[in-house]
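Here are a few exercises to work through with the model open beside you. Try each one before reading the solution.

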Amino acid sequence: EQIEKGGYDHFMMKEIYEQPSAIMDTYRGRMLPNEGIIRMAGVDDNIERLANAKRIIVVACGTSWHAGLVSEYIFEDLARIPVEVEYASEFRYRNPVIYENDVVIAISQSGETADTMAAIKLAKEKGAFVFGVCNVVGSSISRETHAGAYTHAGPEIGVASTKAFTTQITVLTLIALKLAKYKGTISDSEFRFHLQELERIPAKISQVLEKNEQVKEIAFTYKDAPNCLYLGRGYNFPVALEGALKLKEISYIHAEGYPAAEMKHGPIALIDEQMPVVVIATNKGHYDKVVSNIQEIKSRSGKIIGIVTEGDEAVKELADYVIEVPETIESLTPLLTTIPLQLLSYHIAVMLGKNVDQPRNLAKSVTVE
Ligand code: AGP
């Protein structure tokens, strides 16, 4: 097992550090930035069906559901296709309205999640075209769907999902870009620019991973907090949810993720000098509004950990700590902002002596209801 961990203390840490290469594996052979081409067999073979979808319904659970939420912003923004993101467990027990020209995208790392599988079967019965985004090759979900694309992240052993999340976002970005190009909702130069930026993401993740010691210091400061809030807006709202889920899963600290602007509709009542608030405040996407949320937290003595773009000044002045991530286009920021949140939960859990790779009460894939 020590050998399998490749010198890391836990699989989770190994998998966090594998993200630059995992993302390269996800786009290798599919994305040709110089030629301005994306090739994905599952998409190419069904391009009419996918591009003409009146609506995309994403079904997934847990972290995969968070990747689905990120994809809602990507598909709507780039390909102008309306998206609904559903918990598979809710979808399967409703009587959902599904039209024949709907496309259902099922996202699952393991490809074995029972609720996601049941949602796929229901969607197929109702005549929808179902596209799978799975990591495990040959898994049940990859076989049950009409077409799909693998994430190629390699085996993920840690129960807390890390590289599966970022590679799911990568695949979904490629699909959205391809549909956007086909539909003409994105210009050629924008398309190429997105590909070039995506190609720079692995190196930028490596730069974020260099902040590990700094994140460890922050983890030490807040490891005994009983609660933690995570805030983000737009593309980074699902990242806030994912950051909170990671902390809950492995450290057993109660954490909530919220869209930053919703804070004033309730969670602000929780803020006092005991409350750490992780705020994703990159310079793209409602930056000024997030800064004013930070001011509101500060005036109530909350402790602020800002995830900011390199060179940020406004948040730095207000926050107790900031972690910088390199600049990128807005739709790709989740691939960078997620990394410090994974490291933060990892270090807190280790410092609290928890079983990081196999947290209590959790299984890697939930094959029962
Ligand atoms: C993630 O950290 C969790 N362990 C969990 O939420 C997981 O993402 C969920 O059970 C879905 O699994 P799947 O992607 O294999 O379908």
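The exercises below use a predicted model.

**Exercise 1.** Check which span helix H5 should have, and what its end C-alpha atoms give.

*Solution.* Start with the residue count: H5 covers residues 62–79, which makes 18 residues. The expected span is 1.5 Å times one less than the number of residues, so we look for 26 Å. Now take the end C-alpha atoms: they sit 25 Å apart, which agrees. Next, look at the surroundings: 15 of the 18 residues in H5 are buried. Finally, step past the helix to arginine 80, which follows H5 and has a positive phi, near 55°.

**Exercise 2.** Work out what kinds of residue surround the ligand.

*Solution.* Begin with the shell, which has 16 residues; Gly62, Thr63, Ser108, Ser110 and Thr113 come nearest. Then ask who contributes: H5 gives the most, with three residues. Sort the shell by type and you get five nonpolar, ten polar and one charged.

**Exercise 3.** Decide whether isoleucine 304 is buried or exposed.

*Solution.* First place isoleucine 304: you'll find it in strand S11, residues 303–309. Count its C-beta neighbours inside 10 Å and you get 22. The cut-off for buried is 20 or more, so isoleucine 304 counts as buried. Leaving out residues up to four places away in sequence, its contacts include Val277, Val279 and Leu318. One last distance: valine 322 is 18 residues from isoleucine 304 in sequence, and their C-alpha atoms are 8.2 Å apart.

Methods: Residues are numbered from 1 along each chain as its sequence is written. This is a predicted model: local features need pLDDT of at least 70, side-chain atom pairs count only at pLDDT 80 or more; totals for chains, interfaces and linings use all residues. Helices (H or I, at least four residues) and strands (E, at least two) are DSSP runs, numbered from the N terminus. A residue is buried if 20 or more other C-beta atoms lie within 10 Å of its own, exposed if 12 or fewer, and partly exposed in between; C-beta atoms are placed from the backbone. A residue is near a molecule or strand if its C-beta atom, placed from the backbone, lies within 6 Å of it. Ala, Val, Leu, Ile, Met, Phe, Trp, Tyr, Cys and Pro count as nonpolar, Asp, Glu, Lys and Arg as charged, and the others, Gly among them, as polar. Two residues are in contact if their C-beta atoms, placed from the backbone, lie within 7 Å.
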